[in-house]
Amino acid sequence: EQGVRAQLTLDQHHRPKKERDAIQHLGLIVFVLSKGWNTLDLYHSAARLLEWWPEMMRKAEGAAPGTIFKVPHLRAPWAPDAGSFHALGPHAATWG
């Protein structure tokens, strides 16, 4: 059983086409942590990842290889991206 191959990153910068192609070729699903994650200390980051983990796995299992998701750092109802992932696409031009 192969399972899901995922990458978790804080990188927000543009990815060259060769790198995006390699991500797809390797069959990776990428989760980019939104910019707010870098404001959290280690313990809050770990707690937030544990909160998001089940949703991340559900998204990864149904995603095409090369799909890139942006993971919000807030879950509060008043936050603009709270509680929602969005796919940046199999060949998204940017991650952030």
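Mentor: Let's start with a cut-off: a residue is buried under 20% relative accessible area, exposed over 50%, and partly exposed in between. Keep in mind, too, that this is a predicted model.

Trainee: Thanks! Is E51 buried, exposed or partly exposed?
Mentor: Its relative accessibility is 42%. Since partly exposed covers the range between 20% and 50%, E51 counts as partly exposed.

Trainee: Which residue meets the side chain of E51 in a salt bridge?
Mentor: Look in helix α2 for a residue three positions from E51, which is about one helical turn away. At 16% relative accessibility, this partner counts as buried. The closest contact is 3.1 Å, N to O, and the partner is R48.

Trainee: How many salt bridges does a search of the whole structure find?
Mentor: The E51 and R48 pair is a salt bridge, and E55 forms one with R58 and one with K59. The search of the whole structure gives a total of four.

Trainee: How far apart are the closest N and O atoms of E55 and R58?
Mentor: Both residues sit in helix α2, three residues and about one helical turn apart. E55 is partly exposed at 23%, while R58 is exposed at 53%. In their salt bridge, the closest N and O atoms are separated by 3.0 Å.

Trainee: Which residues are linked with E55 in a network of salt bridges?
Mentor: One partner, three residues away in helix α2, is R58. The other is four residues from E55, again about one helical turn; K59 is partly exposed, at 28%, and its closest N and O atoms with E55 are 3.9 Å apart. The residues linked with E55 are therefore R58 and K59.

Trainee: Let's move to the interior. How many residues does the largest nonpolar core have?
Mentor: In soluble globular proteins, nonpolar side chains tend to be buried together. Here the core includes W37, W52, M56 and F69. Strand β2 (28-33), helix α2 (42-62) and strand β3 (68-71) each supply at least two of its residues. The number of residues in this core is 10.

Trainee: And how many residues are in the other core, the one with I23 and L28?
Mentor: This core lies apart from the largest one. Among its members are I23, L28, V30 and I68, and the count is five.

Trainee: In β3, which residues point the other way from I68 and K70?
Mentor: I68 and K70 share one direction from β3 and are buried. The residues facing the other way are buried as well, and both belong to the largest nonpolar core. They are F69 and V71.

Trainee: What is the handedness of the β-α-β crossover from β2 to β3?
Mentor: The two strands run parallel and are joined by four bridges; V32, for instance, has K70 as its bridge partner in β3. Between the strands, the chain passes through α2. This β-α-β crossover is left-handed.

Trainee: One last distance: how far apart in space are Q24 and T67, C-alpha to C-alpha?
Mentor: Q24 lies in helix α1 (residues 17-25) and is partly exposed, at 32% relative accessibility. In sequence, Q24 and T67 are 43 residues apart. In space, their C-alpha atoms are separated by 7.6 Å.

How values were computed: Residues are numbered from 1 along each chain as its sequence is written. This is a predicted model: local features need pLDDT of at least 70, side-chain atom pairs count only at pLDDT 80 or more; totals for chains, interfaces and linings use all residues. Side-chain values use heavy atoms; hydrogens and water are left out. A nonpolar core is a set of buried Ala, Val, Leu, Ile, Met, Phe, Trp, Tyr and Cys residues joined through side-chain atoms within 4.5 Å. Buried means under 20% relative accessible area, exposed over 50%, partly exposed in between (1.4 Å probe, protein chains only). Two strands pair if DSSP finds at least two bridges between them. A crossover is right-handed if, with the strands pointing away from the viewer, the path from the first strand over the helix to the second runs clockwise.
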